[in-house]
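The following exercises concern a single protein structure. Each one sets a task and then works through its solution in steps.

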Amino acid sequence: MKKMKYIYAGMIAASLMTAPSLTSCSDYLDVNDNPNYPTSAALAQLLPSVCTYTMSQLAYNGVLIGNMWMQYTTQGNTTNQYNTTTNYNVTVSSFNNFWTYGYSNTLEDVKILLAQAEEQGAWNYWLIGTVLKAYNYQILADFYEDLPYTEALDAVNFPNPNYDSGKTVVYPAILEMLDAAIAKQADAKAYSCPKITNQDYYFNGNVDKWVAFAKSLKLKVLMRDFEGNKSAIQSLLASGGLLEEDCKMDCFEDATDKGNPFYEYNIRQLNTKENMRACHTFVEFLLANNDPRIQNLYELTTNAAAKVGVGEVLTDAEKYEGLPCGTKPETSTIALAESSRYKQAYDDPVYLMNESEAKLLIAEAYARLGNMDKATEYYNKGVVAGFNRWTTTAGQGDAFVAEGGAYEMDATSMETALKCILTQKWASYAGANSWDGVFDRNRTGIPAIDPVNTVRISDKAGERELTPGYVLGTLVVPGSSELAAGQFPRRLPYPNASIQYNPNAPTPKALDEPMWWQVAKGK
């Protein structure tokens, strides 16, 4: 991947597209180049830029972190590309692009877009831009906690912006943005607003869908403090109109720098395609439940593919195999031909929120409110949506949530209901917005961190007996973890671009130090 050029957040330059006629998705997909953009652009240029910048780092670094930390994948045992990520060796030099890209590109473009939209009375552009601004701040706050907000994006007056409290300033501001966007729904649908179609890569200019996404994003933020926001959550659920579909970008092309960003890096541009392999943690969960979604996430092992190619009929257990979590090249005896590669394609969608997640979020809220009938209803809908994401498994989810099915809801108590809901949310993030699985795990403690270090007794292909005491659907401590036993990453360190040049940057916290909305250490 070509080296991205970034500008320190305290000295932001506008990052706008050059050709005024470009509006198709492919015109903006080369997110790895940052040429000298002009300082002004039309709304029809700004919105595609914001859409693309919003997804670009999540589609690469977000998916990498989520896949590895939620143990859908692990490092291949013949390569080394992602060893540090897998084993939580995260430093101030790791994943800086979330911060620099967010502040120097995405949020700066949003700022310009909102000012122009307000001046022109283009309230549909304003509504979409406001929701994307809220979403970007939510991602930054969930990764870093305290952020420059009130003094951000104003290098002239605040070259060294102070950091605001995530709890008392940033998250409330996110909720205010979402409320403001929702309140503009009628204005944004007025005849006088300019038409938006393919300038919007998520909902093709459909304001109602953006409002539905805003409501689900609002619920997601409110759930960071359920007890403090209980009445607001009840009101939001009662109002209805939350997201009923995927919020995704899926207009990628099979050409260099035009495809899904993680595919571009991990498959098209690396000198090996063997880094990301199936992890025992999720593979054994899927196999134990006879979950057919395994075929959508992992490739057949090389050995299995050869047998299928000559007509042999194999079970899923014979087709798919993982590696121990945190594997390094010298520590696993499972040969490359015996493990499954993680499936990737140039046209893989990038999800800001997937449908299954949105419905399971509602189920969780109802469960915490004690309404188990509604919790079960939305749990079932969420699980089914997780199967319907792929054409090969569409329609199969109903059997899994039916009475006696592998994923039947246990609503005998709030604890059992939450275990079902959040375990299926974990499953819903695989192949989608996996970074949100990290946020949910740290917010709820589910999946739990299992005290044992391996899923299986044996490190030989096909020998699937579980390690005594291991519980399917829980995470294990990766090999060579940089954290203490049983601990999990809770945040990203502030990047060098901030802590070295901004004297107002706070003292960095340990990687496993919980944020205000997360469960305590060891949970």
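Which element supplies the largest share of the lining of the largest pocket?

**Exercise 1. The largest pocket**

Task: answer the question above, and describe the lining of the largest pocket by position and by class.

Solution. The model is a predicted one. Begin with the pocket itself: the largest pocket has a volume of about 390 Å³, and 22 residues line it. Nearest its centre are Y342, K343, D348, P349 and G431. Next, consider the secondary structure elements. Two or more lining residues come from each of helix 1 (43–69), helix 11 (294–297) and strand 4 (350–353). Helix 11 gives the largest share, with three residues. Finally, sort the lining by class: twelve residues are nonpolar, six are polar and four are charged.

**Exercise 2. The second largest pocket**

Task: determine how many residues of each class line the second largest pocket, and which helix contributes the largest share of that lining.

Solution. The second largest pocket has a volume of about 320 Å³. Its lining consists of 15 residues, and those nearest the centre are Y60, N61, S93, S94 and F95. At least two lining residues come from helix 1, and at least two from helix 2 (83–86). The largest share, three residues, belongs to helix 1. The class count gives six nonpolar and nine polar residues, with no charged residue in this lining.

**Exercise 3. The geometry and setting of helix 7**

Task: establish what span is expected for helix 7 (residues 207–222) and what distance separates its end C-alpha atoms. Then state how many of its residues are buried and which residue caps its N-terminal end.

Solution. Helix 7 has 16 residues, and at 1.5 Å a residue the expected span is 22 Å. The C-alpha atoms at its ends are 22 Å apart, so the model agrees with the expected value. As to burial, 14 of the 16 residues of helix 7 are buried, and the helix is thus mostly covered. At the N-terminal end, N206 acts as the cap: one of its side-chain oxygens lies 3.0 Å from the backbone nitrogen of D208.

**Exercise 4. The environment of T423**

Task: locate T423 among the helices, decide whether it is buried or exposed, and list its contacts beyond four places in sequence.

Solution. T423 lies in helix 17 (residues 414–429). Its relative accessibility is 12%. Because buried means under 20%, T423 counts as buried. With residues up to four places away in sequence set aside, T423 touches F285, L418 and I446.

Notes:
Residues are numbered from 1 along each chain as its sequence is written. This is a predicted model: local features need pLDDT of at least 70, side-chain atom pairs count only at pLDDT 80 or more; totals for chains, interfaces and linings use all residues. Side-chain values use heavy atoms; hydrogens and water are left out. Helices (H or I, at least four residues) and strands (E, at least two) are DSSP runs, numbered from the N terminus. The expected span of a helix is 1.5 Å times one less than its number of residues. Buried means under 20% relative accessible area, exposed over 50%, partly exposed in between (1.4 Å probe, protein chains only). A polar contact is a pair of N or O atoms within 3.5 Å; within protein, one must be able to donate a hydrogen and the other to accept it, and residues adjacent in sequence count only if both atoms are side-chain atoms. Contact means heavy atoms within 4.5 Å. On a 1 Å grid over the protein atoms alone, a cavity is a set of points where a 1.4 Å probe fits but cannot get out, and a pocket is an open set with protein on both sides within 12 Å along at least five of seven lines; lining residues have an atom within 4 Å of a point. Grid points are joined across faces, edges and corners, and a volume is the space filled by probe spheres set on the points. Ala, Val, Leu, Ile, Met, Phe, Trp, Tyr, Cys and Pro count as nonpolar, Asp, Glu, Lys and Arg as charged, and the others, Gly among them, as polar.
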